[in-house]
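I opened this notebook to look up how the chains are built, how the strands pair, and where the backbone does something unusual. The entries follow the order in which I looked.

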Amino acid sequence: MSLIPFFFVIAIILVTIGLGIFATKASKTASDFFVAGRSVSVFANASAISGEYLSAASFMGIAGLVMKNGYDALWYPIGYAAGYLFLLLFIAGPLRRFGAYTIPDFAEGRFDSAGFRKIAVTFVLFIGFFYTMPQMKAAGVTMGSILNWPYAAGILVVGSVITFNVVLGGMKGITVVQAFQYWTKVFAISVPVFVVSAVYGGYGTQITKNIEDPRDAPSFAAETTVKMPGKDKAPNNAIAMTSIAPTTITFVDDAIVGKAGPSAKIGPGETIPPKAAEMLAGVKGEHAAGSNFFSQTFSFLNPDGSKGTKTGAKLEFEKPTQIKFLEGSYAPNAPSNGKWVAPFGPLTSKYNYPLLYTYSLIVALVCGTAGLPHILVRFYTNPDGRAAKRTTLWVMVMLGGFYVFTPLWGVLGRNIVPGLYANGKTDTAVILLPMMMENKTLGLILSGVTSAGAFAAFMSTFSGLLVSMSGAFAHDIYGKILRPESSPADRVKAFKYAAVGVGAISMLLGLCVESFDIAMMVGWAFAIGAASYFPLLLLGSWWRGLTKTGAAAGMLTGGLLSLAAIVTSMLLDKKILTFEVAPLIRSLMEQPAIWGVPLSITTMIVVSKLTKSTIPEDVHTKMLRLHAPEEMGMSVDYIPH
Amino acid sequence: MQEPEETGPGSLPPEKHSEFAHRVMRRQARLSIGVAIVFGILLLGMPLFNLYAPKLAATQVGGFTLTWLILGVLFFPITWFLSSYFVKASNKIESECADWRKILEDES
């Protein structure tokens, strides 16, 4: 363990704090605090939006997911970027012109209903807290990878720094910080990958390695020792050996194999041949440090005695231990080249409905982007609707320039650090890959750069969420519901208290989610956003027939049912719930957007038709505020300041 | 703030609000939906392309498979091109619509 990456992390934290303090001097009025005085330039605002959007899931998660699942994971960066295009087409311009600070402002202003604001606010907090959890987890895991810190330490450091920064500067401070952090992240994701590719071969070369022989899989270039977690981190405590060749493993420490079975799923009617069953029974139990296990491959037996699917053994460890693999042996848990490089691989084929899974994932990512409260609030920092559109165009370019590099990390990770497959640490590929280089100092420096980028990623996203959620508390709950007579100064104070409170809750939540996947938690946030805010914003800006009852009914039905489906699905995965579900239903529960979004929209339309009489009389004027060119002066600031 | 003038803010009579809103929205919506359809076909067509033309999708191009090259690399410039087209066209519509008398006359 070297301190070089740590210095990079310290540097990025210090620069973040320094910029925050520097920018505080410019942040004086309430308007400055909430939306940066609406005076941010297009380029700076685009950098800031991109900086805020590129979270830990983008910086570390996509590379990890591509490494783990191959082609199917490409939908993530595409969906994140495509979501922005739809935001630009349907929502960016109208939303800014409407002249409200937050989505709850839009909800209230569009329907003249303070009650609807309360429903809208709950979703800011719902989505916000779900989205902070993976950021917190990423912080804990990164510090664990570079410094062997305990999980909680990384969370407390990052959480405290950002909370401090937000309390000091509000959003104006954060705009400068976010813009700076976008450029940090682009630098950190691109420059090290150029250097690594220069040594190991570029994008095309690396992919080609996985095309040549579809039945082959990644193997260890040198003898490799892997740290395995215990069964409290299941399913990451399992090594599923390949079916290509036998594998010899050495138990470096004393180890206990809790369960042993075949790597492949056993089909109906298939049985494990007696010899293999004997081997699997024999490996269960305790192993002394230094002992070996020669893991044979075998084929299931069909009822007629013929050979079925070929497989290797799968071992699950009871407590944390270390396992050594020989040079040239295949990495456990790695999908074969053919499954990895081709569409409809392990990710989407999980429940045997790959096309359905793919489409539902696309819908969730595309619609979910428009439903993220911390991203939408930034449209109000544009001087006008046109600037909002130009900003979004720049955001598209900046996001594409970043995302194009992320899958390359996954490909390099597969070919160079296959050990990460063994203990389920593919999420840390971006941090650990450069350390494999022969020039150790250069490797550590590059790893420092990516660590700094990862820190920039979860710090910027967390601060954006913190501003949104604290703003919801100060502006909506305190300023609108609890004490409508409060002065702007009171609200700024309330914002600061709220930021401290929200920061503390986020850190506590982060401590509870170590065993959940980053991508899984981000999926929760996207699915709730896609089925709640997205339909509200889309229909609210384009359909004058939408009533507040209709909008509320749709948001609640779609948002809450999607949430329930995902949480149930996750509890099933963790085996906390254990009932049987048909694969089709299971697939729809894990990726609910394909029914959640239409359900929400349909509910909105049907209920609105039933409550037609409650359409506000001045709805045409509201539509003009959303759509009339700025020059006509139809747009007004919803919140006077 | 601009001063109100003949063709400027506030001069659109309230009884025309509904009609004008309809026209402005229809123009913008037509553009947005058009771009969305083009992009939607590309995005939602990719899984079908992979399903029904797996051999073509797996063709090697510059070390990549064709489908990886499209989805992992070329999709980003496509989104840039579409959004830049949209922003130009949309702002043009806005400039035209600022002259509300002309819009109301044109299509009545």
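**Elements and overall form.** I take helices (H or I, at least four residues) and strands (E, at least two) as DSSP runs, numbered from the N terminus. On that basis I find 25 helices and 10 strands in chain A. I keep in mind that this is a predicted model, in which local features need pLDDT of at least 70 and side-chain atom pairs count only at pLDDT 80 or more, while totals for chains, interfaces and linings use all residues. Residues are numbered from 1 along each chain as its sequence is written, and chains are lettered from A and ligands numbered from 1 in the order in which they are written.

I looked up the dimensions next: the C-alpha trace of chain A spans about 80 × 55 × 40 Å along its principal axes. The radius of gyration is taken over C-alpha atoms, and the globule rule is 2.2 Å times the number of residues to the power 0.38. For 641 residues a compact globule would have a value near 26 Å, and chain A agrees because its own radius of gyration is 26 Å.

**Burial and contacts.** I call a residue buried if 20 or more other C-beta atoms lie within 10 Å of its own, exposed if 12 or fewer, and partly exposed in between, with C-beta atoms placed from the backbone. Buried residues make up 60% of the 641 residues in chain A. Two residues are in contact if their C-beta atoms, placed from the backbone, lie within 7 Å. Among the contacts in chain A with a separation of 6 or more, 84% are between residues 24 or more positions apart.

**The largest core.** A nonpolar core is here a set of buried Ala, Val, Leu, Ile, Met, Phe, Trp, Tyr and Cys residues joined through C-beta atoms within 7 Å. The largest one has 227 residues, and those touching the most other members are A:Val363, A:Leu399, A:Ala454, A:Phe458 and A:Ala530. Helix 19 (residues 440-482) of chain A gives the most to this core, with 18 residues. I followed A:Ala530 further: leaving aside residues up to four places away in sequence, A:Ala530 touches several residues, including A:Val363, A:Cys367, A:Ala593 and A:Val597.

**The sheet around strand 10.** Two strands pair if DSSP finds at least two bridges between them. An open sheet of 4 strands in chain A has the order 1-10-3-6, with antiparallel pairing. Strand 1 (224-228) and strand 6 (292-295) of chain A stand at the edges with a single partner strand each, so one side of each is left without a neighbour in the sheet. The twist averages 30° from one strand to the next, with axes being lines fitted to C-alpha atoms (for helices over the stretch in contact) and angles running from 0 to 180 degrees between N-to-C directions.

Strand 1 of chain A pairs with strand 10 (residues 321-325) of chain A over 5 bridges, and strand 3 (residues 247-251) of chain A pairs with strand 10 over 3 bridges. Opposite A:Ile323 I find A:Val226 and also A:Phe251, whereas A:Phe325 stands opposite A:Thr224.

Which side chains of strand 10 of chain A are buried? A:Thr321, A:Ile323 and A:Phe325 point to one face and are buried, while A:Gln322 and A:Lys324 point to the other and are not. In a regular strand the side chains alternate between the two faces of the sheet.

**The other sheet.** A further 4 strands of chain A form an open antiparallel sheet in the order 2-9-4-5. Its edge strands are strand 2 (238-240) and strand 5 (285-287) of chain A, each pairing on one side only, and the twist averages 35° from one strand to the next. Strand 4 (residues 255-262) of chain A pairs with strand 5 over 3 bridges, and I note that the bridge partner of A:Ile256 in strand 5 is A:Glu286.

**Positive phi.** Most residues other than glycine have a negative phi. A:Asp112, not a glycine, has a positive phi of about 50°; A:Asp112 is found in the loop between helix 7 (103-111) and helix 8 (114-147) of chain A, and counts as partly exposed because there are 14 C-beta neighbours inside 10 Å. A:Asn352 likewise has a positive phi, of about 70°, and lies in the loop between helix 12 (337-341) and helix 13 (354-370) of chain A. With 12 other C-beta atoms within 10 Å, A:Asn352 is exposed.

**Chain B against chain A.** I closed with the interface, where 48 residues of chain B are in contact with 46 residues of chain A. Helix 3 of chain B gives the most to the side of chain B that touches chain A, with 19 residues.
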